[in-house]
Amino acid sequence: MSQPEPKTLAPRKLRAFYDPAFEAPIGNHIMPIQKFRKVADQVAGLEGVRLVSPNPAGRADLERVHSHDYVEAIRTGAPRELAESQKFPWSPALYPSVCRTSGGVIDASHAALDDGAAAAIASGFHHAHDDHGEGFCTFNGLVVAAEHLRHAGRARNIAILDLDLHYGNGTAQLAGSRPWLRALSLYGNDYVNNTPYRDVTQRRHQDGANHRSIPLPAGCGREQMLGLTESSLPWLWEGEPPDLLLYQAGADPFREDPYSPLDLGIEDLRARDALVFRTALRMGTPVAWVLAGGYAPDLSKVVEIHVNTFRAWFDENARPRS
Ligand SMILES: [Zn+2]
């Protein structure tokens with residue numbers, strides 16, 4: 001029995017980019033920012049994972065995606081309204097922290113092109129727009145990394161798959177002026193003007209030629225979620241296939257999450273991750289993933305969902321491909 005030559009090589013060591021400086025000083029907030037450290041601690045114990053501290057993103061990286069005035073506001077704190085548009089208090093420590101998280105996605109993207117896969121133990125910050133932040137998202141690390149790879153000549157077409165609970169409105173806005181980017185968001189909560197909407201039957205955004213959204217109805221369970229994901233994924237590979245898949249693996253679709261109207265358990269989200277990785281491996285597309293939302297009261301479950309994304313990668317990577 002002959003197997004086709006896989007286009008991507010299995011990484012001997014999966015690089016996971018993390019730095020304690022990812023933790024922006026936002027005080028006691030619903031965003032459990034300490035989860036990133038807990039995920040890093042557990043992931044470091046998985047066989048085959050190597051934790052690496054990323055370089056911070058540079059000013060030029062940020063300004064390929066965000067306006068000069070917005071980047072300046074985040075750096076200096078003025079004007080304060082703009083510096084806090086992502087809805088947490090500004091402090092001088094914010095700018096170095098968000099440069100580091102965007103740098104994590106950049107370095108994970110390079111590592112994925114080298115090794116076939118890599119991860120950043122940071123959020124993708126998919127609500128961040130070109131000239132302001134929203135929903136705890138300051139700089140859109142996904143698009144910052146995509147632009148960086150294009151500028152470095154390492155990728156021409158890039159796909160972003162957003163499986164956070166919330167609609168990736170910032171990524172969609174940024175995709176609108178980038179025809180080489182293709183963004184797909186499957187969401188159970190709509191999101192506009194810093195406000196989440198639980199009722200996804202109300203249309204509050206418009207799809208474009210290269211950004212598409214698929215609503216998951218309230219009460220959506222495993223089979224429906226996996227079916228909708230599987231049927232919508234091929235669009236990312238239509239036409240010229242992507243050189244890299246950036247995958248935002250949200251933990252907030254979990255049924256115990258205060259924002260989630262979906263009926264999805266920890267194992268269902270692991271099956272979701274496995275489906276994504278299986279598809280990327282079959283298509284020979286390198287994948288870099290990031291964490292995203294996760295606000296369940298039991299933080300250990302949020303951490304488990306994120307660590308399971310790594311386990312799903314190793315499971316799928318070890319599976320024979322046909
Ligand atoms: Zn979310």
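**Exercise 1. Which residue follows H5, and what is the sign of its phi?**

Solution. The structure is a predicted model, in which local features need pLDDT of at least 70, side-chain atom pairs count only at pLDDT 80 or more, and totals for chains, interfaces and linings use all residues. Residues are numbered from 1 along each chain as its sequence is written. Helices (H or I, at least four residues) and strands (E, at least two) are DSSP runs, numbered from the N terminus. Gly 116 comes after H5, and its phi is positive, near 100°.

**Exercise 2. Describe the length and the burial of H5.**

Solution. Step one concerns length. Helix H5 covers residues 94-115, that is, 22 residues. The expected span of a helix is 1.5 Å times one less than its number of residues. For H5 the expected value is 32 Å, and the distance from the first C-alpha to the last is 31 Å, close to that value.

Step two concerns burial. A residue is buried if 20 or more other C-beta atoms, placed from the backbone, lie within 10 Å of its own. In H5, 18 of the 22 residues are buried, so the helix is mostly covered by this criterion. Across the chain of 322 residues, buried residues make up 52%.

**Exercise 3. Describe the sheet and the helices that lie on it.**

Solution. Step one is the strand order. The open sheet has 8 strands in parallel pairing, ordered E2-E1-E3-E10-E9-E4-E5-E8. Two strands pair if DSSP finds at least two bridges between them. At the edges stand E2 (49-52) and E8 (211-215), each of which pairs on one side only. From one strand to the next, the twist averages 20°.

Step two is one pair of strands. E4 (residues 158-162) and E5 (residues 181-187) run parallel and are joined by 5 bridges. Leu 161 has Leu 184 in E5 as its bridge partner.

Step three is the helix packing. Contact means that C-beta atoms, placed from the backbone, lie within 7 Å. Angles run from 0 to 180 degrees between N-to-C directions, with axes fitted to C-alpha atoms, for helices over the stretch in contact. H5 lies across E1, E3, E9 (244-249) and E10, at about 170° to E3.

**Exercise 4. Characterise the crossing of H9 and H10.**

Solution. The axes of H9 (residues 266-283) and H10 (residues 299-318) come within 8 Å and cross at roughly 35°. Residues of H9 in this contact include Phe 277 and Leu 281, and those of H10 include Ile 305 and Trp 313.

Notes:
Contact = placed C-beta atoms within 7 Å. Buried ≥ 20, exposed ≤ 12 C-beta atoms within 10 Å, placed from the backbone.
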